[in-house]
Every structure is written in structure tokens, then in C-alpha cells.
Amino acid sequence: MREAYRESWRVLEALGRVDSLFRLNVSLTTVTLPAEGMARDVVWLLFLQLVLRPTLVIGINMQLAIKNFRTLHIDYPMVKYPKGFHGYCNGLMAYVRGRLQDWFCPKVHYVVHAPWKDIQNFCKYSESFCENYNEYCTLTQDSFPITVCTLDSKQPPSSCSYNSTLTNQRLYLLCSSKHDAEPIGIIGIY
């Protein structure tokens, strides 16, 4: 039975999943288990913790990226601000910065004024891999109404002021994977 533990330990070390702190706290040569069934359970639990946990974290981060895309890049139907307001992009970008919990003023932000399902379909099959972003990407075949929010270059450093440009163009989308994916970002317009 100890040989099974040692072999599991060697596999985990080969995968780079055993860190020095864990080695200090657990030594397989000193673990005594009451039953062989429990030994299998411990090895399985160890496998799940050290090998699969990073995969689960990646999946959670991807789900957050998809949710953020829907929240920050889709505005359908387009919100109408009151007459005295300081412009569509200024209101929207205040929300974007608050949602991202970031004081940095993004230079460009794209907002699509079309239903989510219309945009979502373009990431169902993506052959292109964008190395600069380390994600799959695609160019939409259809044009969409888009507001481009650009940071005003003549602003004081203490505030973020944006100019709005409403256009109808195709989108370069980042996708969550190669097949059956969801959009996670807009990298440009065409």
C-alpha cells in the first residue's frame, strides 16, 4: 500500500503539483491509514486538490469574463440618459470603472447595441488564435451598431472624460475557446 502512495507522490511531483510547504507538512512515509478503501480515497482527494483545482479556477475566471462581457459591452436596448447629463460614454465609463474596481481610465471601450444572442453566435466556431491576447478570436460577418468611447486627450489628469462615436461596423471578438464558445472581449472594429 505504501508503494501506491509513493507512486502517486512521484506522479504529482512530475506534474509539478507538489510545493515545498506541502512536502514539509505531509510525508507519505508517516501516513498510516486504517483501511485500503480509505487509502484510495485519500489518494483521490490529493489528486483532486493538486491537479484539478487549477482547472476549476480557470473555469471560474472564464465564467467571470463572459459575465463581464455581457455586462460591460452589451447595451441593448441602448440606455438613454437625461438631457442634462454629460454624455453617454461618461456615464457608461463611470459604471465600467466601478464594475472593474479600477481607477485607470481605459483609452477605448466598445459597446454593442444588439441582442446578446446575435453576438454570441459568432464565437460558436473560431479557427483563429490571437497570440497577442492568448485567446481564440473571430471577426463577425455582420455589422452592428456600436458606440466607441474614446478618452478625451484634453482632460485634466484627475478625471476621465470620454467622447462618443456611434457607428455601424463589424467586431473583432475574443472567444472563450475554439468551439461552442462565448465572447469575452472586443479587441477592435472593422
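This passage describes the strands, side-chain pairs and surface of a predicted model.

The strands can be taken sheet by sheet, beginning with the four-stranded one. In this open sheet the strands follow the order β2-β3-β6-β7, and their pairing is antiparallel. The edge positions belong to β2 and β7; each has a single partner strand, so one side of each is left without a neighbour in the sheet. From one strand to the next, the twist averages 40°.

Within this sheet, β2 (residues 128-130) and β3 (residues 135-139) run antiparallel and are joined by three bridges. Here S128 has C137 of β3 opposite. The two strands form a hairpin with four residues between them, and in this hairpin N134 adopts a positive phi near 55°. On to the next pairing: β3 also runs antiparallel to β6 (residues 171-175), and four bridges connect the two. Opposite Y136 stands C175 of β6, while T138 faces L173 of β6 in the same manner, standing opposite this residue.

A second open sheet holds three strands in the order β1-β4-β5, again with antiparallel pairing. Its edges are formed by β1 (108-112) and β5 (162-169), each with a single partner strand, so one side of each is left without a neighbour in the sheet. With direction ignored, neighbouring strands in this sheet are turned by 25° against each other on average. Five bridges link β1 to β4 (residues 144-151) in the antiparallel sense. Among the residues involved, V108 has T150 in β4 as its bridge partner.

Aromatic contacts come next, and two of them touch the strands just described. The structure contains four aromatic pairs. One of these is formed by F122 and F144, whose ring centres are 5.9 Å apart and whose planes stand at 85°, so the pair is edge-to-face. F122 belongs to the loop between α5 and β2, whereas F144 is in strand β4, so the pair ties together parts that are 22 residues apart in sequence. F122 is buried, because its relative accessibility is 15%, under the 20% limit for that class. F144 is buried as well, with a relative accessible area of 6%.

Another pair brings together F129 and Y136, with ring centres 5.1 Å apart and planes at 80°, so this pair too is edge-to-face. Their exposure can be set beside that of the phenylalanines above. F129 counts as partly exposed at 39% relative accessibility, and Y136 is likewise partly exposed, at 25%. Y136 is thus a residue with two roles in this description, because it pairs with F129 in the edge-to-face arrangement and stands opposite C175 in β6.

Turning to charged side chains, the count comes to one salt bridge. The partners are K178 and E127, whose side chains meet at 3.9 Å, N to O. K178 is located in the loop between β6 and β7 (183-189), and E127 in the loop between α5 (116-120) and β2, so the pair ties together parts that are 51 residues apart in sequence. Both partners fall into the partly exposed class: K178 has a relative accessible area of 28%, and E127 one of 48%. In general terms, side chains of opposite charge can pair when their charged atoms come close.

Loops also supply some details of their own. Q141 sits in the loop between β3 and β4. This residue counts as exposed, because its relative accessibility is 66%, over the 50% limit. Although Q141 and R170 are 29 residues apart in sequence, their C-alpha atoms are 6.8 Å apart in space.

Finally, the surface carries a nonpolar patch of about 240 Å², made by V79, Y81 and F85. Of these residues, Y81 can be placed in the loop between α3 (36-73) and α4 (88-100). Y81 is partly exposed, with a relative accessibility of 31%. That value is just enough for the patch, because membership requires over 30% relative accessible area.

Notes. Residues are numbered from 1 along each chain as its sequence is written. This is a predicted model: local features need pLDDT of at least 70, side-chain atom pairs count only at pLDDT 80 or more; totals for chains, interfaces and linings use all residues. Side-chain values use heavy atoms; hydrogens and water are left out. Patches are made of residues with over 30% relative accessible area and no salt bridge: like charges are joined within 9 Å, nonpolar side chains (Val, Leu, Ile, Met, Phe, Trp, Tyr) within 5 Å. Accessible areas come from the Shrake-Rupley method with a 1.4 Å probe; for residues, only the protein chains shown count as cover. A salt bridge is a side-chain nitrogen of Lys or Arg within 4 Å of a carboxyl oxygen of Asp or Glu. Buried means under 20% relative accessible area, exposed over 50%, partly exposed in between (1.4 Å probe, protein chains only). Two strands pair if DSSP finds at least two bridges between them. Axes are lines fitted to C-alpha atoms, for helices over the stretch in contact, and angles run from 0 to 180 degrees between N-to-C directions. Rings of Phe, Tyr and Trp (its six-membered ring) pair if their centres lie within 6.5 Å; planes under 30 degrees apart count as stacked, over 60 as edge-to-face and the rest as tilted.
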